[in-house]
Amino acid sequence: MKRFLPICLMSCVMIASLFSSSWSGGYKISLSGYNTDIITQNEHLAIDIVYSPIINSQMALSLYGGYSFSNLFFPVTQSLHGGLSFSHLIAQEHFLDPLFIRDSVLWATVDISFLSIIPGVSPNFINLSFSPLSIFFGDKLITIGSIILNYDLSTKDLDWGVKLFELTHYMW
């Protein structure tokens with residue numbers, strides 16, 4: 001049963017990619033770590049479905065939801081999460097632009113999300129993350145090095161975390 005949810009999510013992403021036509025939805029994969037006692041301090045892989053009702057050359061507003069787990073083969077901590085992401089243009093001619101073949105722009109991204117540890121359904125945490133380095137290619141958004149503020153709703157503690165990378169791929 002523990003492996004059913006990630007397999008189901010990945011199957012939905014692959015089936016939806018067969019019918020892609022515009023650039024308002026897709027998937028997001030990220031690798032994060034948290035410094036808190038309730039969530040294990042291992043790395044956490046998150047798989048999300050993303051819908052962006054507003055996406056243009058200046059900004060993007062995205063809604064997402066998905067599943068994350070702390071270990072691929074033996075999940076210690078599993079969670080459901082969902083949130084809102086806002087990305088805004090910083091520079092079209094940026095310092096990393098000569099490294100890429102495709103046109104790219106530099107964005108900054110702010111996320112606010114709710115995280116619920118399984119088996120519970122109610123939110124346990126509110127996460128706020130800031131990503132100063134997000135590179136947008138038109139159909140992909142690559143984010144490197146986000147800082148996460150993690151607020152525990154039950155103990156009222158504020159902790160932190162780091163999102164190493166996040167890849168958002170718009171497919172439909």
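The exercises below, each with a worked solution, concern a predicted model of a protein.

**Exercise 1.** Determine how many helices and strands the protein has, and in what order they run.

*Solution.* Counting the elements gives one helix and eight strands. Reading from the N terminus on, the order is α-β-β-β-β-β-β-β-β, with the helix ahead of the strands.

**Exercise 2.** Classify the aromatic pair of Y67 and F69 by its geometry, and state whether each residue is buried or exposed.

*Solution.* A pair of aromatic rings is described by the distance of the centres and the angle of the planes. For Y67 and F69 the centres are 5.4 Å apart and the planes stand at 35°, so the pair is tilted. Buried means under 20% relative accessible area; Y67, with 1%, is therefore buried, and F69, with 5%, is buried as well.

**Exercise 3.** Describe the pair that W107 and F136 form, and locate its two residues in the chain.

*Solution.* The centres of the two rings lie 4.3 Å apart with 15° between the planes, and the pair of W107 and F136 is stacked. W107 belongs to strand 5 and F136 to strand 6, 29 residues apart, and the pair thus links distant parts of the chain. Both W107 and F136 are buried.

**Exercise 4.** Find which elements give two or more residues to the nonpolar surface patch, and examine L128 as one of its members.

*Solution.* The patch covers about 930 Å², and its residues include L128, F130 and W160. Strand 5 (105-117), strand 6 (125-136) and strand 8 (158-170) each give two or more residues to the patch. L128 is placed in strand 6, and its relative accessibility of 39% makes L128 partly exposed.

Note on methods:
Residues are numbered from 1 along each chain as its sequence is written. This is a predicted model: local features need pLDDT of at least 70, side-chain atom pairs count only at pLDDT 80 or more; totals for chains, interfaces and linings use all residues. Side-chain values use heavy atoms; hydrogens and water are left out. Helices (H or I, at least four residues) and strands (E, at least two) are DSSP runs, numbered from the N terminus. Patches are made of residues with over 30% relative accessible area and no salt bridge: like charges are joined within 9 Å, nonpolar side chains (Val, Leu, Ile, Met, Phe, Trp, Tyr) within 5 Å. Accessible areas come from the Shrake-Rupley method with a 1.4 Å probe; for residues, only the protein chains shown count as cover. A salt bridge is a side-chain nitrogen of Lys or Arg within 4 Å of a carboxyl oxygen of Asp or Glu. Buried means under 20% relative accessible area, exposed over 50%, partly exposed in between (1.4 Å probe, protein chains only). Rings of Phe, Tyr and Trp (its six-membered ring) pair if their centres lie within 6.5 Å; planes under 30 degrees apart count as stacked, over 60 as edge-to-face and the rest as tilted.
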